[in-house]
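Got your viewer open? Let's take a short walk together, starting at one side chain and then stepping back to take in the whole chain.

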Amino acid sequence: MDSKTEPGGSQPISSVIIVGGGVAGWTAAVSIAHALRGQGLKIIVVDNDAPVKLQAMATLPITLAFHQRLGIDEQSLMRETGATFRLGTQFSDWLKPGQRYFHPLGAHGASIEFVHFHNFAAKARQMGDPTPFSDYSLCAAAAKLGRFTHPSSDPNSILSTLVYAHHLDCDLYAALMRKHAEANGVTALKARVSDVDVRASNGFIRSLTLDNGANLEADLFIDCSGNESILMGRALQVGYEDWSEWLPANRVVSASGPATDAAPRTGVTAVDVGWHQCIPLHHRQAHKFVFNGQQLDDDEAIDAQQRTAGLAAGSETQISGFRNGHRLKFWSGNCIALGPAAGFLEPLEDSGHALLQSGLMRLMSMFPDRSCNPRIADEYNQVTLAEYENIRDFLILHYQATGRRESPF
Amino acid sequence: MNRGRLEKIVIVGGGTAGWMTAAAFARCLDPKQYAVKLVESDLIGIIGVGEATIPAIREFNHFLGLDEKEFMSKTQATFKLGIEFRNWGRQEESYIHPFAPFGQAINGVGFHHYWLKMRQGGDTASFEDYSLPIWAARSGKFDYPSLDPRSPLSTYDYAFHFDAGLYAVYLRAWSEQRGIVRIEGKVIEVTQHNESGFVESITLESGQRIDGDLFIDCTGFRGLLIEQTLNTGFEDWSHWLPCDRAVAVPSENVGEPVPHTRATALTAGWQWRIPLQHRTGNGHVYCSEYISDDEAVHMVLDNIEGATIAEPRLLRFRTGKRKKSWHKNCVAIGLSGGFLEPLESTAIYLIQSAIMKLIRSFPDAGFNAVEAEEFNRQMDTKFGQVRNLLILHYKETQRDDSSFWDYCRNMSIPEELEHRKQLFRHHGQVAYKKSDLFNEPSWLAVYIGQGVVPEHYDPRVNNVSESEIRQRLAQIRQIIQHSAASLPSHASTIARHCAAEVMAA
C-alpha cells in the first residue's frame, strides 16, 4: 500500500547524491558504492569542503566490522591514516583533581557464580580494598603499560578480553575513503548547493541546483553537509532538538602537537572550565579543548588548552562552535542526514564516528527503493534516536557523577 | 530510610512459579542471612499441565546447577526442537518455528533475502528446507547439538517438554535440602502496615502467623497479595487475544514421542499436543464467545490419538498483565503477574525471567522505588514482546471458516506490531532489537509460516550472481538433509541419556 505513494514506486534507486565530502560524505559514498557495486548505481558527491586540518577522531570497536565489510584491511587503513590503536579512555581529574579512572573498551573482570563482576568489586571496596576498578581490566592494564597486541581468538585466553579500536587523522581518513569510493565508481563534483527543489506533494527532494548552474536530479539524497545541514535542516525544515540544557559545552578549540611514544588510549582531562582531549596519532598528537562559550572567551580557551596540553603559545589553532543535540528526523522522505548534519554529541566518549558507521550499516541493511516507504524511515529514525539518547545519557552521567564543585562548569 | 538487609522472605503458593522461585533463592541467598519460607496448601491444586518450554529453561537449570539428565528423567521430559503450527495461515498448512537460524547469511546479507529472490524467480524450495532442526523434527530425530562451531549440527538449540507438576516436586525436594522451609496451610488473612500498606504478615487457617519483609505472590490467577490485598490492577489484552478458556486432558502415547510441540488451529481457538515420556498432554485453548464448553471438550477429544487417561479439566483465564508486577514489598511471579496463552511456550520463561530480574535488582529493607520501577519496566517489555508475537499468529491468517477467525483477521493490532509487519511485508526487514526475546529467525519463521512474504528483497543480493546463489542454496539444502538424516531418533536419544522410570501414566 505505502509503495504506491510515489511515482517510480518500487523501482530500485538508480542515483544518489551526497551533499558534503569530508569524513561523513566520503564514508557514506564508499559504503553505498561498495554495498551495491555492479548494479549501475550512480553516486555523486558534491564536495566543496576545505580540509579540516587539525582534526582527529577516536573510534569505537564497531569500526573493525565496518571496515571489514568494506574490504579495507587494517594495515593499509592504519598506514594511510596515521592511525594508532586504542584500548580505551583515560579520564583524569574528572571526579576530583588528581584522581584518574580508565574507561576500557573491553570488560572488567569476569562474572562469578552468575553475578556480574562489579558487585564483587563494590563489596571489596566497602570492605576497605583500595584496588581501583580498572585493575580488573586487561585493556586498562595494557594501556597503562603502553602495550598492545591483537585480541586472541581463543576464548580461554585472557587475551581474548582485549577489545580495541583506532585513533585516526580526519583528513587522511576522508582521503582514504575518497580513494576507495572513486575506485568503486563514485564521482566527485567540486561545487556548492545553491538551491534545492522540494516536491510540495510529498516533501521529497527532486533536484539540486549548484553554484556552477548545473541542475542534478536523483532518487536519494544524503545530507553530509555538517552543521549547515543544507538538505535536512535548511531545505526540508526539519528542526533540531537542542540538548544544551544537559550538555552545555558549545565550542571546541583544536590544535596539534608533536607525536610522542604515547600509550594506546585517548586521554581526557577535566579542568575548571571544560575538558581537554588528547588523541595520539602516528605522526602527531591531536588536541581538543571543549568548553562553554558563555563562560570562557576563545582566547582564554586557547590559553587553557595550551597550558593543559603543554603546547607552545602561538601554536596553530582552530575554533568552531557546536550544539549538542540532533535533527528531529534523521531520515525524511528521500533524504538521510549523516554525521554532524544529523546531530552532534561532544566527543567525550568518541561517539561521532561510531554513530556515522552504525547509521550507514543500518541504512545499507534497509536500503529503500524509490518510494522510500515511510515505515523504513520510521524504523531508521527510532533506532537512530535510541542510539543518540543512549549516548546522551552516558555523557550526562560524566558531568553528574563528578564530585567537582569548584567551578560553575 | 532503613537500608539494612531484608531477612524474611515469604513465597505464597507452590506450583511451578513458587518452587522455581524457592529454588533460585536457595541457590543464591545464604541461608544464614535470609530465612526463606514457602507456604502452600495441599488442598489447592496447581495449574501445571504438560509444559513446553523455550531454550532459556536450560540457562535456569544450569544456574541452579541441576544435572540435565537427572532433571529430564525426574520430570518425564522429552526434547523439543520447535513448535509445529498446523492450520494457522490456512487450513491444511503446517510450519515449524525452530530454535535456529535459517540458511546462512551471504556477504553479510540475511539468508531470507536470497531465498526471496530465487522464489520470485520461480524456485520452489520451501523456507523450511533451509532449517536442519525442522528436518530433524519432522523425521522424529534428535541429538544434542555439536560443540564444534564448524559443524552444521552446532547451529540449533533445544528446549524440553516436561511435566510441570513433577518439576515442582523435584525442585521442592532440591530446595528443602538447601534450607527452604515449606509450611503447609491455607492463607486466611493478610495484614498490611497502617501507613505504607506494605504486607506485614499472612495468617494461616491453623492460626499460625508468618511475618515477612518481602513477599512473593505465586498464588496464580487470583493474585492473593498483589491484587486481592494490594489492588494493583490488571491490563486486559483480550481484545487482541480473545481466548479465555482452556480444557486440558492427558492421553496415552501412540508411537514414539516427537521432538516438537504441536499447536493446531481449530475453529475458535487451538489445540496443543505436548509429548512426554509417559503420556501426551493435550488441551484446547478457546474463546467462550464463539464456542461452548461442551463443544470445546468434544473437539479436543476428537483430535486426540491415544486413549484419554483423565477427565478433561476446565480452566478459565483472562489474557493480560498485572499493572505492576512488583508493588510495595510484593512481587508477583507466574500467573499472578499476568497470563498469556501457551502458544509460544513462554509461561515458564516469563517466570524464570521475573526470578532472574528480581535477583539482579534484589531489594534491601528500604525498598528503593528505582528497583521496582526498573523491574516493572522490564517485565512490561517481556510481556509485550510475547503478546505481539502471539497476536501475529491470529492476525495473519487467511482463514475465513468461522466468525472467530473473521474477528481475528479484522482486529486492529498494537502499533508496534503493525510497524514491524509492514516493514517486513514491504521490505523483508525484521525490526529486531537487542532486547527482543524472539530473535530474527523466530520472526522469520512465523511471518513466512503465516504467509507474510516480503515484496522486495535487499538489493545487495544482486551483488551475487544468480547461478552462484542457486549453487549455494542447493548446497545448504543438501548439507541439511544429509546432516538431519545422520541423527539418531528422538526416542533412542532419550533412552540412551535420560529415560524416566516407568510410572503410571
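**First stop: a serine and its partner**

Select A:Ser229 and A:Asp223 and show their side chains: the two make a polar contact at 3.3 Å. Keep in mind as you look around that this is a predicted model.

Now colour by secondary structure and find where A:Ser229 sits. Its place is the loop that runs between β12 (220-223) and α7 (230-235) of chain A.

Is A:Ser229 buried or exposed? Switch on a surface to check: the relative accessibility of A:Ser229 is 0%, so this residue counts as buried, the cut-off being under 20%.

Next, select what surrounds the serine. Leaving out residues up to four places away in sequence, A:Ser229 touches A:Asp223, A:Arg234, A:Arg327 and A:Ala341.

**Second stop: the whole chain**

Zoom out to a cartoon of chain A, where the secondary structure comes to ten helices and 22 strands. The radius of gyration is 22 Å, close to the 22 Å from the globule rule for 409 residues, so chain A is as compact as a globular protein of that length. Rotate the C-alpha trace along its principal axes and you will find spans of about 70 × 50 × 40 Å.

Try colouring by burial: 51% of the 409 residues of chain A count as buried. For contacts between residues at least 6 apart in sequence, 74% join residues at least 24 apart.

Finish with the surface and the charges. Chain A exposes about 18,000 Å², with 52% of that supplied by carbon and sulfur atoms. Select the 34 positive and 43 negative charges: their mean positions are 2 Å apart.

Conventions
Residues are numbered from 1 along each chain as its sequence is written. Chains are lettered from A and ligands numbered from 1 in the order in which they are written. This is a predicted model: local features need pLDDT of at least 70, side-chain atom pairs count only at pLDDT 80 or more; totals for chains, interfaces and linings use all residues. Side-chain values use heavy atoms; hydrogens and water are left out. Helices (H or I, at least four residues) and strands (E, at least two) are DSSP runs, numbered from the N terminus. The radius of gyration is taken over C-alpha atoms; the globule rule is 2.2 Å times the number of residues to the power 0.38. Buried means under 20% relative accessible area, exposed over 50%, partly exposed in between (1.4 Å probe, protein chains only). Contact means heavy atoms within 4.5 Å. Accessible areas come from the Shrake-Rupley method with a 1.4 Å probe; for residues, only the protein chains shown count as cover. Lys and Arg count as positive and Asp and Glu as negative; His and the chain ends are not counted. The place of a charge is taken as NZ of Lys, CZ of Arg, CG of Asp or CD of Glu. A polar contact is a pair of N or O atoms within 3.5 Å; within protein, one must be able to donate a hydrogen and the other to accept it, and residues adjacent in sequence count only if both atoms are side-chain atoms.
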